[in-house]
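Dear colleague,

Please find below the structure that I am handing over to you. I would be grateful if you could keep it open while you read the notes that come after it.

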Amino acid sequence: MKKIGTTLAMLFMVMICAMAGNEVKYSFASAAEQTGWWGTQKAESYDVAVRIADPFLVGKQVKGVSVPFPMSADITDCKMWMSKALTLATVDGKKQNVPDIESVEAVPADGVLAVTFSSPYTIPEEGVYVGYSFNVSSVESADAMIPLACAGSVNEDGFYIHSSRTYRNWVSKSEALGLVSMMEVVIAGEFADYSVGISSLGVCKAAAGLESTVKATLVNYGSVAVSSVDYDYTVGSVTKSGKYDLDQPIDAVFGKVCVVDLPLEAIDVNGVNPLKLTITKVNGNANENEIASAESEYQVFSFIPVRRPVVEEYTGTWCGYCPRGFAGLEEMNRLYPDRFIGISYHDGDAMQVVSSSSEFPSYINGYPAAWLDRVAETDAYCGDGSYGVFGIDKAWMARASEMAPADVDVKAEFNADNDKLIDVTTSLMFPISIDNANYLIGYALVADDMTGEGDGWIQSNYYSGQTSWSDQPGMDIFVEGGSAIAGLHFNDVAVIVKDVKGVDGSVPASVEEQVAVSHSYQFDTDDAVCQYNAYAGQNVIQNRNNLSVVALLIDAATGEIVNANKAHVANGTSGISGVGSADRKVVSVTCYDSMGRSISSAANGVNIKKVVFSDGTVKTVKVVK
């Protein structure tokens, strides 16, 4: 979708928030954050509709409609209309929309198409369709190719379309496209000032004796912005109350949605309890909404496992768009050093350890690519948000807030008798007993501070001079650098992944509440072999002090990573680097920032220190300040 220009977006927001007397603006786009344009990219006629069938609006009257609209000479014959049903009639051999309530000719002005109907229409229980129509005579301009103002959301009634060439019959395309129309319908009637409903209430999962929260989707059905709510909730036979002050008020827009985490007091008894929650007050005033309650479950466990979602990035130094994945993982390591887990799989460069991309744990259609816990394809920098804006933290945090089936603890050290081997012990702790557990433990060995010179190490960079990225975290080195960046230090690089999809038999079928389940595993560092061209056959491990083991708890039925943990590989008694003669002294210490640039002293965030000793040994460590 093409983003709406700033001026038009600001104008539309002003229209959204405007209210006069007993009128409200109703829009399916009120639940969306992203807006833009969509179209068939063909010269054809369009009919677009939404269905107004909210039970709160039955008996109210539709007075008018407006929608952002492109100002293009290629777009003509605009109309806005109301209809009891979406029907088509054949006229001159072509199917045409036939509204049965009212149709009004409209002329776009200042980027908006709007009309006031001559006779307000009372909304019946079965609802009413409101829409607009126009003809695109040519697609020489971008505005004519994608003329429909849409927002990123899904609602079956939010985007119906018919067109003369592409959609020959009326069809709802919201679910297929993930879009709703940005039409706003002007509705008149008696509306309460303070009215908030609950459209959904999540399942509360809490540890015994500890406070928790429940995710509630609040909907503003009143004429004022909502800054706070009071609520009563019943767990089993116990009723309690609470109050929640919103960080940002819910706009005074009818149907505006806001998802909040409402605090709940501790419950000491394990098990599943019915939960009912009611919004009693809005901004300190009695809630006038008649449907202000929702029901769910309050599940109490012996403990809540710490969830660590995994971002698996697929990249290569030849890929000019891949630097954003590099920056994304570095920024996540800085923001969440104790919980974030990234694995960077390289292809076509000196860090490639698989013979082909078919060996990757997720399907890759192109580069850069990333998957979150192997169930959600995302972007390692932008996440699920707008291109050019750091957002992987939001997608990651949404997964981190979900309950994991077990805690994962992992320890790793070099074998005391054979320093080529790494001994790994993974321990799982489940908060409930399970008789039919279907899990696997997968393993990856990753390396930090990977760097080199020449082919396979120089990062191609398409962000050189792209100033729109300059204010985004971690992107400055690429914006300010040239088309190729040498000397980068790569972190979280996968160097052994033969069992990254899971080890058969690693988790028993029956597990008991709070009884540890252990699994032993071993890496052979000789398996860390490069598969790329001139480096093929060479061991990719550069510094044994920079290795970590990632243990992945995997749902065997779906392949989803449901939790994970990461541990630095400790030295065993064999005394690999870091132990030398008593006369060994530090010769130099060089400090680098997370982008691999030499700096005078450690800065806030992730730093890399390279220590050179008098006996020639070198130690490189990652430090978080």
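The notes below go through the findings by topic.

Please bear in mind throughout that this is a predicted model.

Nonpolar cores

The largest nonpolar core has 68 residues, and the members that touch the most others in it are Ile422, Leu445 and Val549. Its main contributor is strand 32 (residues 439-447), which gives five residues to this core. A second core lies apart from it; this one has 49 residues, including Leu57, Val65, Met80 and Val136.

What does valine 549 touch, if residues up to four places away in sequence are not counted? Its partners include Val410, Ala412, Ile422 and Val424. Tyr443, Ala444 and Leu445 are also among them, as are Phe523, Asn565, Lys566, Ala567 and Val569.

Helix 4

Helix 4 covers residues 323-335, and its 13 residues should span 18 Å at 1.5 Å a residue. The C-alpha atoms at its ends are indeed 18 Å apart, so the model agrees with the expected span. Is this helix mostly covered or mostly open? It is mostly covered, since eleven of its 13 residues are buried. Among the buried residues of helix 4 are Pro323, Arg324, Phe326, Leu329, Glu330 and Met332.

Threonine 217

Threonine 217 belongs to strand 19 (residues 212-220). Its relative accessibility is 12%, and it therefore counts as buried, the cut-off being under 20%. Which side chain makes a polar contact with the side chain of threonine 217? The partner is the side chain of serine 200, at 2.8 Å. With neighbours within four places in sequence left aside, threonine 217 is in contact with Gly197, Ile198, Ser199 and Ser200, and also with Val257, Cys258 and Val259.

Salt bridges

There are 16 salt bridges in the structure. One of them joins glutamate 560 to arginine 307, with 3.7 Å between the closest N and O atoms. Glutamate 560 sits in the loop between strand 37 (547-555) and strand 38 (561-568), while arginine 307 sits in the loop between strand 25 (293-301) and strand 26 (310-315); the pair therefore ties together parts that are 253 residues apart in sequence. Both partners are buried: glutamate 560 has a relative accessible area of 17%, and arginine 307 has one of 4%.

Arginine 399 forms a salt bridge with aspartate 373, the closest N and O atoms being 3.0 Å apart. This pair links distant parts of the chain, as aspartate 373 is in the loop between strand 28 (369-372) and strand 29 (376-378) and arginine 399 is in helix 5 (residues 392-400), 26 residues apart. Aspartate 373 and arginine 399 are both buried.

Arginine 399 also forms a salt bridge with glutamate 560, where the closest N and O atoms are 2.7 Å apart. Because arginine 399 lies in helix 5 and glutamate 560 in the loop between strand 37 and strand 38, the pair ties together parts that are 161 residues apart in sequence. Through shared partners, salt bridges join Arg307, Asp373, Arg399, Glu402 and Glu560 into one network.

Aromatic pairs

The count of aromatic pairs comes to 31. In one pair, the ring centres of tryptophan 38 and phenylalanine 159 are 5.9 Å apart. How are the planes of these two rings arranged? They stand at 90 degrees, so the pair is edge-to-face, a term used for planes over 60 degrees apart. Tryptophan 38 lies in strand 3 (residues 35-38) and phenylalanine 159 in the loop between strand 12 (148-152) and strand 13 (160-163), so the pair ties together parts that are 121 residues apart in sequence. Both tryptophan 38 and phenylalanine 159 are buried.

Phenylalanine 430 and tyrosine 439 provide another example, with ring centres 6.0 Å apart and planes at 40 degrees, so this pair is tilted. Phenylalanine 430 is buried, with a relative accessible area of 0%, and tyrosine 439 is buried as well, at 15%. Finally, ring pairs link Tyr321, Tyr381, Tyr387, Phe390, Tyr462, Tyr463 and Trp469 into a cluster.

With kind regards

Methods: Residues numbered from 1 in each chain as written. Predicted model: local features only at pLDDT ≥ 70, side-chain atom pairs only at ≥ 80, totals over all residues. Heavy atoms only, no water. Core = buried A, V, L, I, M, F, W, Y, C linked by side-chain atoms within 4.5 Å. Buried < 20%, exposed > 50% of the residue type's maximum accessible area, 1.4 Å probe, protein only. Helix = DSSP H or I, 4+ residues; strand = E, 2+ residues; numbered from the N terminus. Contact = heavy atoms within 4.5 Å. Expected span 1.5 Å × (residues − 1). Polar contact = N/O pair within 3.5 Å; in protein donor to acceptor, adjacent residues only side chain to side chain. Salt bridge = Lys/Arg side-chain N within 4 Å of Asp/Glu carboxyl O. Phe/Tyr/Trp six-rings, centres within 6.5 Å; stacked < 30°, edge-to-face > 60°.
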